[in-house]
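Hi,

Here is the structure I promised to pass on. Have a look at it first, and then read my notes below.

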Amino acid sequence: MDNRCAKVGRDDGWILFSVTLVITILFIVVTMLLTAATQHAFEASKFQARNKAMHVADAGVNAYVHELARTGEDFIPRLGPVDMGDGSTWEVEATRAEYHSVPIKPLTVTSVGTIPSLGVTRTVVAEIRQPSFADYQIVSHVSLTLDSESVMNGSVRTNGDLSNAGSIAGRAEAHKEITGSGTFRGGEFQETPAIDFASIGSDIEKMYGDARESGSGYYRATDGVDGNKGYQVTLSGSQVLIDKVSNVDIGTGELTTQPEATISAPSSGVLCFDDTVWVSGEYSCALTIVANNIYIIDNVESSPGGQGVLGLIARHSVIVPSWREAMPEDLVIQAALLAANGTTRADLIEGRIKRSLTIIGSQTTRDGMDYVRFSPEGEVIAGFRERTYTYDPRLAITPPPMYPRIKDGSYKVSSWLEG
C-alpha cells in the first residue's frame, strides 16, 4: 500500500498552520507598532499643543507689560481675548497691587492661553511691578567712579558717566559713557534713559500726605520748639521707640533725649518725620522711615533669620557721624538708603577714624557718596578705613514699603509660575 499521499497531507497542514501563525504574529506586531506610532503621534501633538498654549499664555503676559508701558497706566484690569492669527487665543486679568500691603505686593497678572481646536488651555500667573530704586546697589544722579578695590555684587546705574576699575556683578548702566578696565559681569549699557530724580520728591510727598491723612502710617511734625534737634528712632523687632532729641554734644555726639512714644510698626510700614531723625536698632518687619535728614548713629540690622526690609529716605541727606565716640568701630547698616536732594555720606572730622563700614542694601544719591577722607599722601585721616558695599537681594523681591519707583516706562516680572 502507498502512504505518500497521506504524508503530503500532513505536511500541508503544518505549513498552513505555520503560515497562519506567522501572519497572526505579524498582524499583532504591525497593529502594536501602528498603535504605538499613533499614540506617540498623539502624545507628541498633545505636548506640542500644551507647549504652544504655554507660549500663548506667556505672550499675554508680555502684551500686558507692553500695554502698561505704552499707555503709562499703572493698572489695566483686563486685556483680550486676542486671536494670535492661528486660532490660538490669550486673555489676561489683573489684580491691582495693594499700595499699603506689607510686604509690598506687586501687580498680579493671570494669562490664559487656549488652543480651542485641540481643547488645550494653560494658565500663567505672573507678578510684575515698576523697578524701584532699591533694585540697584547704587543709583547716582552724578557721575560715578569705582576704584580697583570696589566689588559690587549688585547693579549700578548713573545719570552721568561710569568709570569702573573694580568689579560689577550686576548690570552697569550709564546715561552717558562707561569706561574703565574693570570687570562688567552683568554687561555694559550706555546711553540708557536718565532717571528722573524729581519724581522721588513727589513719591516722598505722597508718603507724607498718606501718613498724615489715612492713618495707615505714622506722622510726626516738628514741634517748632527752640533747641529741639529732631527725633531718635530706635528699632526693636516690630516695635519702634521714639524719643525727642533736645541736644547733641558737639564733642562726643551723645544725644540728650526724652521719651516721646513707643509704637508698633504701622499697617503701611511707613513712618514720616518733618524733622531730623537719628536711627539705630534691629528690625524684623518691613519699614520705611522718611525724614528731612537721617543720621545713622549705631548698627542698623535685620533680625537674624528675619524677613524684614528697611528703607531710610531723606529729603536731603543720609549721614553717618563717624566722629561720634559711641559709634561702633565696625559699623553695619542693612537698609536701602536714599538721599533725594543730597548725599549718602559720613560726617567727617579729621582725626576721628573708625575701622570699617559695611552697607548691606542699596544707596541712591543725588550728589554722590563719601565715607572717607585721605591726606595728600593717601592716608586715611577721617571716616572709615575700610568700606564694604554689598547688595541685599531681598530688596529686589520685596522693596521697602512705598519705596520710590523708577518711572522710565520699564517693568520687571518678579515671579512667573504656571497657575
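Which residue of β4 does Thr-110 stand opposite? Val-125 in β4 is the one facing Thr-110. Before the rest, some ground rules: this is a predicted model, where local features need pLDDT of at least 70, side-chain atom pairs count only at pLDDT 80 or more, and totals for chains, interfaces and linings use all residues. Residues are numbered from 1 along each chain as its sequence is written, and side-chain values use heavy atoms, with hydrogens and water left out.

Back to β3 (residues 107–115) and β4 (residues 120–129): these strands (DSSP E runs of at least two residues, numbered from the N terminus) run antiparallel and are joined by 9 bridges. Pairing here takes at least two DSSP bridges between two strands. Both belong to an open sheet of 5 strands in the order β1-β2-β3-β4-β31, with antiparallel pairing. β1 (78–83) and β31 (412–418) each have a single partner strand, so they stand at the edges with one side lacking a neighbour in the sheet. On average, neighbouring strands of this sheet are turned by 20° against each other, direction ignored (the axes are lines fitted to C-alpha atoms, and angles run from 0 to 180 degrees between N-to-C directions).

Now for β21 (residues 286–291): 6 of its 6 residues are buried, meaning under 20% relative accessible area with a 1.4 Å probe, protein chains only. Ala-286, Thr-288 and Val-290 point one way, while Leu-287, Ile-289 and Ala-291 point the other. β21 pairs in the parallel sense with β19 (residues 270–273) over 3 bridges, and Ile-289 is the bridge partner of Leu-271. β21 also pairs in the parallel sense with β23 (residues 309–314), over 6 bridges; there, Leu-287 has Leu-310 as its bridge partner.

Cheers

Technical notes. Buried means under 20% relative accessible area, exposed over 50%, partly exposed in between (1.4 Å probe, protein chains only). Helices (H or I, at least four residues) and strands (E, at least two) are DSSP runs, numbered from the N terminus.
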